[in-house]
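Open the model in your viewer and keep the selection box at hand. The stops below say what to select next and what is there.

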Amino acid sequence: MQLLAVGLNHNTAPVSLREQLAFAPDQLGQAVVAARSWFERIDHRGSDEAAILSTCNRTELYAASQVPEPLDAGAHFLADFHKLNYAELRPHLYLLPQHDAVRHTFRVASGLDSMVLGETQILGQIKDAIRTADEAGGLGTYLHQLFQRSFSVAKEVRSTTEIGAHSVSMAAAAVRLSQRIFDKISEQNVLFIGAGEMIELCATHFAAQNPKSITIANRTLERGELLAHRYGGRAIRLADLQDKLHQYDIVISCTASSLPLIGLGMVERAIKARRHKPMFMVDLAVPRDIEPEVSRLNDAFLYTVDDLGKVVQTGMENRQAAVAQAEAIIETRVQSFMHWIDDRAVVPVIQSLQENGEALRQIELERARKMLAKGEDIDAVLEALSKGLTAKFMHGPQQALHRAQGDERAHLAELLPQLFRGRR
C-alpha cells in the first residue's frame, strides 16, 4: 500500500486555475467515492483509501493505494473529475509519494505550507475534510493514522514554537490594503458577503476600525443577522445586492458559490450610481465570487486571495527561527510514522509465521495425545513432543541454508543464528 498526495496550491497555480480544480463542499463526499472507484478500477482489490482537501489556497487528493502508478492515477483523476486538460494541468501539480506525502501532510496541518505562515484555519479545514472522507467510506488504516498524527504534530508545533506569532492574517491584510484607498475606515460603509469563518475574521478586523456601517449579505438571512448583530450591523439577502451594492465603499466576499455573485455589469451600475466614488473590493473565494473583469474599471479596486497573499509575506525574516524549529519537529514525526508503515508491511509475514507455527504445534500436540491415550510414560511423551516441535521448526531454515549458494548462503548463515537465539 502506497501513500500519496497529489494537488496544487497558491505556490504552484494562480487562482484562475485553482478555482477550476476546487471542490464545492457538497461535492466532497461524492468525489471521495469517485476517487476510490478510480483507483479500484485499476487494481481491482477494493482496498484503496482517499480523502480530498479543497480550500481557497489548495486542492489536494490524499490516497493509499496498491495500483502500479498511484501518483499518475491520482493526477489523472483530478483532471478527469473536473474535465480539465491533463497536459495543461500537470505542470501545476505536485505528485508526492510515501515519505514526501507524509511530510507534506504534517506541514500543511501545521500551517507551514499556508499563504499565511502559521495560520490555524487550515487545521479546522483538514478536520472537516477528513470527517467528510470518513463518512463517505474513504478512510482506512493508513489515512486514518496519517491524519490523526498530523493533528498531533500541528498541536506540538503550535504549542512549542512561535510559528504564528508574527503572522499577518488575510483579514488584517484586507484592512491594510483598504487603507491605501480610504484614509479613514471610520467614514466608510462596509459590506461582507457570506457568513463563514473567513468573513467572521474580516468582520472582526474591520469592526475594530469603527466603520460607518457594517452589513452582512448572506443566502440565509437568519445566519446573516446572527453575525451582523455581533458587530452592530444589519443583514440583507444576496438577492438584494443588485439594488444595494452602490451603497458600500468596501466589499469583502467569501462564499462557497460555484459561480460569481457579482458581475461586471452590476459593478458598473454601482460605480455610476456612486458618481465614480472609489469602491474597494476583496474576493477571498475560490471559485471567485466577483468576475475578474471588474478589475479593469477605473474606480473599482479589486483584490484576490493571491493579491492579499503578497501582503502577508512581510516579516518572514522574523519567523525563520520558528520555521526551522517546526521543520525539525515535523521531520522527527515523519520518521516515526514511516517506521509505523514499515511495521505494517511485515504484519502479513508475521501472521503467516504464526499460522504455520500453530499448525505445526497442533500436529505434535495431537501426536502427544495419542501417545498418552495408549498409556505411554508422560516423560517419554514430553520428550517426543519437544523433539518433534524442534525438528519441525528447524526443518525450513535448514532446507533454506542447504539450497542457498554464495552470498545468499553467507547471509543466511549470519542471520539464522540471530533468529533462533532463544532466551535463557
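**The loop before strand 9**

Start with R275, which lies in the loop between helix 12 (264-273) and strand 9. The model is a predicted one. R275 counts as exposed because its relative accessible area is 75%. Check its backbone: phi of R275 is near 55°, a positive value in a residue that is not glycine. Now add H276, placed in the loop between helix 12 and strand 9. H276 also has a positive phi, about 65°, although it is not a glycine. As background, most residues other than glycine have a negative phi.

**Strands 8, 9 and 10**

Select strand 9 (residues 279-283) next. How many of its five residues are buried? Five of the five are, so strand 9 is largely enclosed by the rest of the structure. Colour M279, M281 and D283 one way and F280 and V282 another: the two sets sit on opposite sides of strand 9, and all of these residues are buried, which leaves both faces covered. In a regular strand the side chains alternate between the two faces of the sheet.

Strand 9 has a partner in strand 8 (residues 250-253), with which it pairs in the parallel sense over four bridges. To find one contact point, select I252, whose bridge partner in strand 9 is V282. Strand 9 also pairs with strand 10, again in the parallel sense, over five bridges. Here select D283 and T304; T304 is the bridge partner of D283 in strand 10.

Strand 10 covers residues 300-304. Four of its five residues are buried, so strand 10 is largely enclosed by the rest of the structure.

Before moving on, select V286 and P287. The peptide bond from V286 to P287 is cis, with omega near 5°. P287 is found in the loop between strand 9 and strand 10. Most peptide bonds are trans.

**The nonpolar cores**

Which residues touch the most other members of the largest nonpolar core? Select L3, I126 and F147: these are the ones, in a core of 69 residues. The largest share of this core, ten residues, comes from helix 14 (residues 320-345). Keep L3 selected and show its surroundings. Not counting residues up to four places away in sequence, L3 touches a set of residues including A63, A64, L96, P97, Y142, L146, F337 and I341. Another core, of 40 residues, lies apart from the largest one; its members include F182, A195, F280 and V282. F280 and V282 were met above, on one side of strand 9. In soluble globular proteins, nonpolar side chains tend to be buried together.

**Aromatic pairs and a charge over a ring**

The count of aromatic pairs comes to nine. One of them to select is F23 with F81, a tilted pair at 5.2 Å centre to centre and with 45° between the planes. F23 lies in the loop between helix 1 (15-21) and helix 2 (28-43), while F81 is in helix 3 (residues 70-81), so the pair ties together parts that are 58 residues apart in sequence. F23 and F81 are both buried. Extend the selection to W38 and F77, which form one aromatic cluster with F23 and F81.

Then go to F151 and K127. The charged end of K127 sits over the ring of F151, 5.4 Å from the ring centre.

**A171 and the cysteines**

Select A171, in helix 8 (residues 170-181). Is A171 buried or exposed? A171 counts as buried because its relative accessibility is 2%. Beyond its neighbours within four places in sequence, A171 is in contact with L201, C202 and H205. Add M198 as well: A171 and M198 are 27 residues apart in sequence and 7.7 Å apart in space, C-alpha to C-alpha.

From there, keep C202. C202 counts as buried because its relative accessibility is 0%.

Finish with the sulfurs. How many disulfides are there? The count comes to zero. Select C56 and C254: the cysteine sulfur closest to that of C56 is in C254, 6.3 Å away, which is too far for a bond. C202 is in no disulfide either, and the nearest cysteine sulfur, that of C254, is 7.5 Å away.

How values were computed:
Residues numbered from 1 in each chain as written. Predicted model: local features only at pLDDT ≥ 70, side-chain atom pairs only at ≥ 80, totals over all residues. Heavy atoms only, no water. Phe/Tyr/Trp six-rings, centres within 6.5 Å; stacked < 30°, edge-to-face > 60°. Buried < 20%, exposed > 50% of the residue type's maximum accessible area, 1.4 Å probe, protein only. Lys NZ or Arg CZ within 6 Å of the ring centre and 35° of its normal. Contact = heavy atoms within 4.5 Å. Disulfide = S-S within 2.5 Å. Core = buried A, V, L, I, M, F, W, Y, C linked by side-chain atoms within 4.5 Å. Pairing = 2+ DSSP bridges.
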